[in-house]
Amino acid sequence: MPQLNRQILLRRRPDGLLSEGDTEMVESPLPTLEEGEALARNLYLGVEAAMRNWLVGTEGGYMQPVAIGEVVKGSSVSEIVESRCDAYEVGDLVTSLGGWQDFAICRDDFFTTKVTKDVDPRRYVSLYASPGVTAVLGMEIGAPHEGDTVLVSAAAGGTGSLAGQIARIMGASRVVGIAGSDEKCQVAVDEFGFDSCINHHAGDLKAQLKEHCPNRIDVYFDNVGGELLDVVLGGINQGARVVLCGAIASYLTGKLPGPANYTNLMSREATMTGFVTFNHWHRFDEVFATLRGWVDEGRLHARENVFDGLEHAPEALNALFTGANIGKTMIKP
């Protein structure tokens with residue numbers, strides 16, 4: 001086993017995309033374990049848009065910001081390589097907050113979950129962790145049923161691609177995506193089973209919504225926020241359910257204009273509900289079983305976008321905001 005641990009530390013708060021000097025890769029000695037601790041080798045690191053808020057120091061939410069000089073936080077699937085904790089044995093697989101480093105300390109706490117070894121470890125990042133749980137919880141709130149048109153933004157991303165498939169499983173009659181390129185739209189239809197997909201950079205979004213959702217929108221699963229949310233609110237149906245999952249449109253600028261069309265929620269007797277997946281991890285086992293069943297039945301498919309090498313972690317995070325990602329973005333250290 002190596003004697004040094006590569007780590008990526010935050011050196012300054014980013015302004016816009018991560019740039020050279022915002023982070024630094026260093027090598028540190030492997031930590032000496034104390035009683036109740038285990039050493040985990042990170043196999044794959046998840047990359048989420050919300051990480052951008054942790055780096056700029058945004059207060060509030062479910063995670064404290066990354067301090068200057070700290071390892072960049074992030075989800076992981078890892079193998080236990082040394083243990084002084086009764087909960088873990090050498091060889092166990094765990095999901096945790098391993099961060100941008102080769103090795104991390106795990107404890108028997110809320111942040112670490114032991115998982116089975118009969119699943120490709122990547123799936124614990126792309127499917128059976130945050131993306132899958134988020135998609136399930138969001139669609140439970142949206143509650144699509146026969147006759148409904150479901151619209152999903154960021155439809156070719158890690159969470160949106162699953163949300164669209166789950167909407168279909170739950171009974172939606174029409175599932176439409178929104179993505180940022182023709183390539184992503186094609187993937188959403190051909191690979192993830194959307195009925196159609198709108199490229200929001202290709203012309204009048206309002207007109208495209210009317211074309212692709214002729215019976216208006218019953219459920220909107222929103223990963224983006226901002227102007228996109230405002231336009232969609234103009235096309236919701238009577239009794240529509242808007243589910244707020246994320247607001248990636250604001251994560252780089254910090255600016256999030258309020259939707260002028262929110263009054264449609266009143267006139268259409270619709271609801272808009274936000275949720276934070278992190279507050280529902282007590283349902284992990286239940287949701288895992290549900291997702292595993294759908295996968296085994298061939299009804300649910302995930303795609304991974306893997307960046308090979310810890311040094312590419314900043315590039316991987318930037319890809320979420322430049323539109324270079326399809327599927328769940330992750331890093332193989």
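Here are five short exercises, with worked solutions, on the predicted model shown above.

**Exercise 1. The nonpolar cores**

Find which residues of the largest nonpolar core touch the most other members, and list the contacts of Ile166.

*Solution.* Start with the core itself, which has 46 residues. Within this core, Met139, Ile166 and Leu291 touch the most other members. Next, select Ile166 and leave out residues up to four places away in sequence. The contacts that remain are Ala135, Val136, Met139, Leu291, Trp294 and Leu300. Apart from this core lies another one, of 25 residues, and among them are Val47, Ala319, Leu320 and Phe321.

**Exercise 2. Positive phi angles**

Ala143 and Arg216 both have a positive phi; work out where each one lies and whether it is buried, partly exposed or exposed.

*Solution.* Take Ala143 to begin with. Its phi is about 50°, although Ala143 is not a glycine. In the chain, Ala143 belongs to the loop between helix H3 (130–142) and strand S8 (149–153). The relative accessible area of Ala143 is 36%. Buried would need under 20% and exposed over 50%, so Ala143 is partly exposed.

Now repeat the steps for Arg216. This residue, also something other than glycine, has a phi near 70°. Arg216 sits in the loop between helix H6 (205–212) and strand S11 (217–222). With a relative accessible area of 27%, Arg216 is partly exposed.

**Exercise 3. The second largest pocket**

Describe the second largest pocket by its volume, its lining and the strands that contribute to that lining.

*Solution.* The volume comes to about 420 Å³. Around the second largest pocket there are 22 lining residues, and those nearest its centre are Leu97, Gly98, Gln101, Ala104 and Ile105. To see where the lining comes from, look at strand S1 (4–10) and strand S6 (103–107), each of which supplies at least two residues. The largest share, five residues, comes from S6. Finally, sort the lining by character: ten residues are nonpolar, eight are polar and four are charged.

**Exercise 4. An aromatic cluster**

Classify the ring pairs Tyr124–Tyr128 and Phe284–Phe288, and say how the two phenylalanines are placed in their helix.

*Solution.* A pair of aromatic rings is described by the distance of the centres and the angle of the planes. The model has seven aromatic pairs. In one of them, Tyr124 and Tyr128 lie 6.0 Å apart, centre to centre, with 55° between the planes, and the pair is tilted. Tyr124 and Tyr128 are both buried.

For Phe284 and Phe288, the centres are 6.2 Å apart and the planes differ by 15°. Planes under 30 degrees apart count as stacked, so the Phe284–Phe288 pair is stacked. The two residues are four places apart in helix H10 (residues 284–296), so about one helical turn separates them. Phe284 is buried at 9% relative accessibility, and Phe288 is buried at 16%. To finish, put the pieces together: Tyr124, Tyr128, Phe284 and Phe288 form one aromatic cluster.

**Exercise 5. Asp218 and its surroundings**

Decide whether Asp218 is buried or exposed, and find the residues it touches.

*Solution.* Locate Asp218 in strand S11. Its relative accessibility is 9%, and therefore Asp218 counts as buried. Leaving out residues up to four places away in sequence, Asp218 touches Gly147, Asp148, Thr149, Asn237, Ala240 and Arg241. As a last step, look across to Leu30: Asp218 and Leu30 are 188 residues apart in sequence and 52 Å apart in space, C-alpha to C-alpha.

Technical notes
Residues are numbered from 1 along each chain as its sequence is written. This is a predicted model: local features need pLDDT of at least 70, side-chain atom pairs count only at pLDDT 80 or more; totals for chains, interfaces and linings use all residues. Side-chain values use heavy atoms; hydrogens and water are left out. A nonpolar core is a set of buried Ala, Val, Leu, Ile, Met, Phe, Trp, Tyr and Cys residues joined through side-chain atoms within 4.5 Å. Buried means under 20% relative accessible area, exposed over 50%, partly exposed in between (1.4 Å probe, protein chains only). Contact means heavy atoms within 4.5 Å. On a 1 Å grid over the protein atoms alone, a cavity is a set of points where a 1.4 Å probe fits but cannot get out, and a pocket is an open set with protein on both sides within 12 Å along at least five of seven lines; lining residues have an atom within 4 Å of a point. Grid points are joined across faces, edges and corners, and a volume is the space filled by probe spheres set on the points. Ala, Val, Leu, Ile, Met, Phe, Trp, Tyr, Cys and Pro count as nonpolar, Asp, Glu, Lys and Arg as charged, and the others, Gly among them, as polar. Rings of Phe, Tyr and Trp (its six-membered ring) pair if their centres lie within 6.5 Å; planes under 30 degrees apart count as stacked, over 60 as edge-to-face and the rest as tilted.
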